[in-house]
Amino acid sequence: MADQKKGSTMARRKQEIQLQQEIETQEEWEDIMSKEGLYVIDVYQEWCGPCSGLIANLKRLKNELGDDLLHFAIAKADTIDALEKYRGHCQPCFLFYAGGMLVAVIRGANSPMVMRTVTEQLQQEHRVIDGAAERKEIKDPYISMVDNMSNDADEDEEEAEDESKKEVTVAVIKPDAVKAGKVDEIIEDIKAHGIEILKQEERLMTEDEAKNIYTHLQDEDFFNDLITFMTSGPSHILVLTKGRTGENIINEFRDLIGPTSVEDAKEKQPESLRAKHGEKTFMNALHGSSSDDQAMRELAFFFPDFAIPASEGKPKLQRTLALIRPDAFKLHKDEVMQMINEAGFKVALQKEMSLTKEMAEDFYREHEGQEYFNELTTRMSSGPLMALGLAREDAVEGWRSMLGPKELDKAKEESPDSLRAKFALEDVAINQFHGSDSEAAAQKELDFFFPVQQTIAVIKPDALGTKDEIIEKVHDAGFKIAARKETTLSREIAEEFYSDHKDKDYYNDLVEHMSSGPTMFMVLSREDAVDGWRSLIGPTDPEKAKEESPDSLRALYGGDILKNAVHGSSNVDQAKTTIQKIFGDLKFTPEGLLITDEAEMQEQEEKSEEKTEEAGEEAQQKTEGEEQKGDVESPKEEQAETKEQEAEQAKTEEDKPKEEEKPTEEAKPTEEEKPKEEEKAPEEPPKTEEEAKPEEAKTEEETPKEEQKTEEAPKEEEKTEEAPKEEEKKEEEVKQEEETPKPTEEAKPEGGEETKTEEPEQKAEEPKTEEETKPEEAKPEEAKAEGEEEKKEETKTEGEGAA
């Protein structure tokens, strides 16, 4: 049976060769261009082959017409210079040449149109030969358009770049899935993976169309059965893309539909579309383009007029912080992570950790004072949680949209499918998730959970040849290379570098390998750098890495456990120690960049000090806030205190004019409040002198003027020395007292006894005392300059009191 099929295939090919002349060189092309007659030329490329779907129709037409002017040919564009512009296009193309002139063009395997055009152009060619008509040469419209586009691109390359098209793929939901009513379910599955449907239609394929689509399978034994199946009922055709550019959509969709064999799909990829909806062999529910060329050919076949949308350029990714709080992390971690992945988020950072109560309060300090604050921080510190750095074009809004409203009642009512509504706990008012509310907040919060760290990265001798590729992947993963050094380790340094492995069986082999050639050391900076680098390099054994993390560096570049391409520190302390060993003392900016000079280091220290001061100010403000809060809680005390302050202020305002007008009377209210015993005290001179001294000293200690305090000590000494001579000099002192203003008036606010004793004499000298007392009160700094004069005056005053 198989031999018979092979025989029929060979016979079919032989008939095709007899029907169509093969043209593969420029010379052969020029030869047929010089001949008379109508040539119908099927232009093809090696990767897709000529259009075989129309062979039977062309043969039948040739036999029916029996015209020697009609010739069929196939021309290989890959090797014919005249057809260079037809390279890279996948749509079937038929060129009609008469007498070396292009007279008609048909694109697509449109059999009726081809047949009609052959008949019309053959009749026209007969009229030309008979002299009844002239040939009308045309230009291929598509090639003309391409030429114009090419010219425009040459004039403005940047504009051409802006007009680059998205990548697309063609999907076919086959007749078995359409008949089973699975179209809507499959489309929902496709959309759930973030794939966009640009165009779709239901279509019943003809036999020629099916053969054209599956021409690459025409040598397979099941080819005829496949064509019969594809024409047995309508198919659903879709044009797909994804994101701003459509990058990698072809491979991504083929991964989604799974292996061609339904049995393999169910075993290896049970979640694939073919595993879910396929039946057997080629009845596997879906077809997807296998390459960009095939996608373009299928697109031109099914939707010849479809315009591929322009690429929007590479997306600008956002990052946001996502927290799965302890209760949800304990109960629903896997389900939530699956939903995050299905929503198209990339998990750029991930950490399982526990917060102390203080850490939770610090993170949520802006909520302090709210009635839910204590419960929130208590639950946040009740057990392990998951902190995630999510990346997507609209990460901030996208994640908050998934979360739903903060208030659980509102979330359940308005967004019942949101995470907060779906995973809410009974009798718990706190929702189970957190998301940053802006890009700025996201960066601040990411810094809290994923502070910038440094780690050591080593490209071993066996992988140094691929260092450029590895470094590119380092940058793609968001790392900054703060420092790097390429060197060949001596055996001694290698032994020291791997001293932690000294008791291992492989130690000597490891040391020998690490000292066998150049090694590159790098200091990498990034949030959570240590864990991030270890995640990027993958498991120690490259074979295990290929299974568990096929995109990791050890899976891609490692050979075996010893020669596994790269090395990374296992924790922060080890990273610091290794950096010290290899690079010495290095300092880094908060952003993770290397500080290279003293000026820059000093600048960073100043910034650090400023941050410390700001933290202190924040703490002070927080304390003041707490005091204000305490005041709010005691409104009666606050009102009483406020009234008291207002009364004091009013009194001060009333006293100000009095002070300006009558400085002598400034101390009088104090004097009037004194008990009668103190008012009579000056009548006993010996006793008044002794009592006035300690009272005056005490009053001056209480005053805020330090100058007056300094002056009182010598005054008291002078008082003591001149006490015995006071009676003898009384008349002389009275005279001087009349001529000179008394310092007693300066001390009036502090000493009541002496002021009252001298009251009659003060009235006589009052205008002069006011002028001198006022500037002395306004300018205490002049007190020192007048020190000696004041001492003398004080002595006189005390002498009078003694008398």
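The questions and answers below concern a predicted model of a protein chain.

Me: How many helices and strands does the protein chain have, and what percentage of its residues count as buried?
Reply: The predicted protein chain has 39 helices and 17 strands. Among its contacts with a separation of 6 or more, residues 24 or more positions apart account for 74%. Of the 803 residues in the protein chain, the part that counts as buried is 40%.

Me: Where does the largest nonpolar core lie with respect to domain 1 and domain 2?
Reply: The largest nonpolar core has 43 residues, and F96, V114, M230 and F302 are those with the most contacts inside it. Helix α10, residues 223–230, gives the most to this core, with 5 residues. Because domain 1 (21–149) and domain 2 (169–303) both give residues to the core, it lies between them.

Me: Which residues is F96 in contact with, leaving aside its neighbours within four places in sequence?
Reply: F96 is one of the residues with the most contacts inside the largest nonpolar core, and V114 is another. With neighbours within four places in sequence left aside, the contacts of F96 are L38, Y39, V40, M101, L102, V103, A104, V105, I106, V114, T117 and V118.

Me: How many residues are in the second, separate core?
Reply: Apart from the largest nonpolar core, which has 43 residues, there is a second, separate core. Its members include L238, I250, F253 and A295, and its residues number 21.

Me: Why is helix α14 described as largely enclosed by the rest of the structure, and which elements do its buried residues pack against?
Reply: Helix α14 spans residues 292–302, and because 8 of its 11 residues are buried, it is largely enclosed by the rest of the structure. The buried residues are Q294, A295, R297, E298, L299, A300, F301 and F302. The elements they pack against are β6 (169–173), β7 (195–203), α9 (207–213), β8 (235–242), α11 (249–257) and β9 (286–288).

Me: On the same side of α25 or on opposite sides, where do its buried residues lie?
Reply: In helix α25, which runs over residues 529–537, the buried residues are A529, V530, G532, W533, L536 and I537. They cover an arc of only 165 degrees around the axis, and this arc puts them on the same side of α25.

Me: Which elements do the buried residues of α25 pack against, and which residue follows α25?
Reply: The packing partners of the buried α25 residues are β14 (452–459), α22 (467–476), β16 (519–527), α27 (553–557), β17 (566–568) and α28 (572–583). After α25 comes a residue with a positive phi, near 85 degrees, and that residue is G538.

Me: Is H287 buried or exposed?
Reply: The UniProt annotation "active site", from an unreviewed entry, covers H287, H434 and H567. H287 lies in strand β9, and, not counting residues up to four places away in sequence, it touches V170, A171, V172, K174, Y214, F253, I257, R274, Q294 and E298. Its relative accessible area is 8%, so H287 is buried.

Me: Is H567 buried or exposed?
Reply: H567 is also covered by the UniProt "active site" annotation of the unreviewed entry, and it lies in strand β17. Not counting residues up to four places away in sequence, H567 touches I456, A457, V458, K460, F497, Y498, W533, I537 and R554. Because its relative accessibility is 16%, H567 counts as buried.

Me: Is F222 buried or partly exposed?
Reply: F222 appears in the UniProt "binding site" list of the unreviewed entry, together with K174, R254, T260, R274 and N284. It lies in the loop between α9 and α10, and it touches L217 and F282, not counting residues up to four places away in sequence. At 30% relative accessibility, F222 counts as partly exposed.

Me: What is the relative accessible area of N284?
Reply: N284, also listed under "binding site" by UniProt in the unreviewed entry, is found in the loop between α13 (273–277) and β9. Not counting residues up to four places away in sequence, N284 touches K174, D176, T260, V262, R274, G278 and E279. N284 is buried, and its relative accessible area is 1%.

Me: To what number does the count of disulfides come?
Reply: C51 is buried, at 6% relative accessible area, and C93 is buried, at 3%. With a pair of cysteine sulfur atoms within 2.5 Å required for a disulfide, the count of disulfides comes to 0.

Methods:
Residues numbered from 1 in each chain as written. Predicted model: local features only at pLDDT ≥ 70, side-chain atom pairs only at ≥ 80, totals over all residues. Heavy atoms only, no water. Core = buried A, V, L, I, M, F, W, Y, C linked by side-chain atoms within 4.5 Å. Buried < 20%, exposed > 50% of the residue type's maximum accessible area, 1.4 Å probe, protein only. Helix = DSSP H or I, 4+ residues; strand = E, 2+ residues; numbered from the N terminus. Domains from an automatic or database assignment. Contact = heavy atoms within 4.5 Å. Arc of directions from axis to C-beta. UniProt positions renumbered as here; feature names shortened; annotations may be inferred.
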